[in-house]
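Hi,

Here is the structure I said I would pass on. Have a look at it first, and my notes on what turned up are underneath.

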Amino acid sequence: MPKPYPKEFREDVVRVARNREPGATLEQIAADFGVHPITLSKWLRRAEIDEGARPATASGESAECTSQEALNSSSRSPCQTAPGG
C-alpha cells in the first residue's frame with residue numbers, strides 16, 4: 001500500500017484547487033501536484049465534510065467511533081446503529 005500524503009500537502013492542494021483560476025480544471029491541478037484527479041476530488045469532498053459544508057461523518061468522528069467500537073467490542077457502542085434500523 002502506498003504511503004499516505006502528508007496532511008499539510010493535502011491541505012495545500014485542496015486550497016489551490018478551491019482558489020483556482022477560471023478555466024483551470026481539477027485534472028490540471030492534480031497533474032501539477034502529481035496526484036490522481038480522483039484523489040484530489042476525494043480530498044475536496046473530505047474537506048467539505050470535515051468543515052460541515054457537506055452532510056456525512058467528519059474524519060475525527062469516524063475515527064472516534066472506530067476506536068470506541070474496538071474498546072467496547074463485547075458491549076454495545078454508541079456509534080453502532082440500533083437493531084432493525
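**What I found**

Starting at the N terminus, the elements of the chain run α-α-α-α. That comes to 4 helices and 0 strands. Do keep in mind that this is a predicted model.

A few overall numbers to begin with. The chain has 85 residues, and 15% of them count as buried. About 6,500 Å² of surface is exposed, with carbon and sulfur atoms supplying 53% of that. If you take the contacts between residues at least 6 apart in sequence, 33% of them join residues at least 24 apart.

Now for the aromatic residues. The structure holds 4 aromatic pairs. One of them is F9 with F33: the ring centres are 6.0 Å apart and the planes sit at 70°, and because an angle over 60 degrees counts as edge-to-face, that is the label for this pair. F9 belongs to helix 1 and F33 to helix 2 (residues 26-33), so this pair links distant parts of the chain, 24 residues apart. Between the C-alpha atoms of F9 and F33 the separation is 9.3 Å.

How accessible are these two, F9 and F33? F9 has a relative accessible area of 24%, which makes it partly exposed. F33, at 30%, is also in the partly exposed class.

F9 has another edge-to-face partner in W43, with 6.1 Å from centre to centre and 90° between the planes. Since F9 lies in helix 1 and W43 in helix 3, this pair ties together parts that are 34 residues apart in sequence. Is W43 buried or exposed? Its relative accessibility is 13%, and the cut-off for buried is under 20%, so W43 counts as buried.

Put together, ring pairs link Y5, F9, F33 and W43 into a cluster. While you are looking at F33, check its other neighbours too: leaving aside residues within four places in sequence, F33 is in contact with F9, V13 and V16.

The other thing to look at is the largest pocket. Its volume is about 270 Å³. Which residues lie nearest its centre? Those are R10, E11, R46, A47 and D50, out of 10 that line the pocket. Sorted by class, the lining has 6 charged, 3 nonpolar and 1 polar residues. Helix 1 (7-18) and helix 3 (37-50) each supply at least two residues of this lining.

If you only have a minute with the viewer, I would go to helix 1 and helix 3. The F9 and W43 pair joins them, and both helices contribute to the lining of the largest pocket. After that, turn to F33 in helix 2 and follow the ring cluster from there through F9 and W43, with Y5 as another member.

Cheers

Note on methods. Residues numbered from 1 in each chain as written. Predicted model: local features only at pLDDT ≥ 70, side-chain atom pairs only at ≥ 80, totals over all residues. Heavy atoms only, no water. 1 Å grid on protein atoms, 1.4 Å probe; cavity = no way out; pocket = protein on both sides within 12 Å on 5 of 7 lines; lining within 4 Å. Points joined across faces, edges and corners; volume = space filled by probe spheres on them. Nonpolar A, V, L, I, M, F, W, Y, C, P; charged D, E, K, R; others polar. Buried < 20%, exposed > 50% of the residue type's maximum accessible area, 1.4 Å probe, protein only. Contact = heavy atoms within 4.5 Å. Areas by Shrake-Rupley, 256 points an atom, 1.4 Å probe, with all protein chains shown as cover. Phe/Tyr/Trp six-rings, centres within 6.5 Å; stacked < 30°, edge-to-face > 60°.
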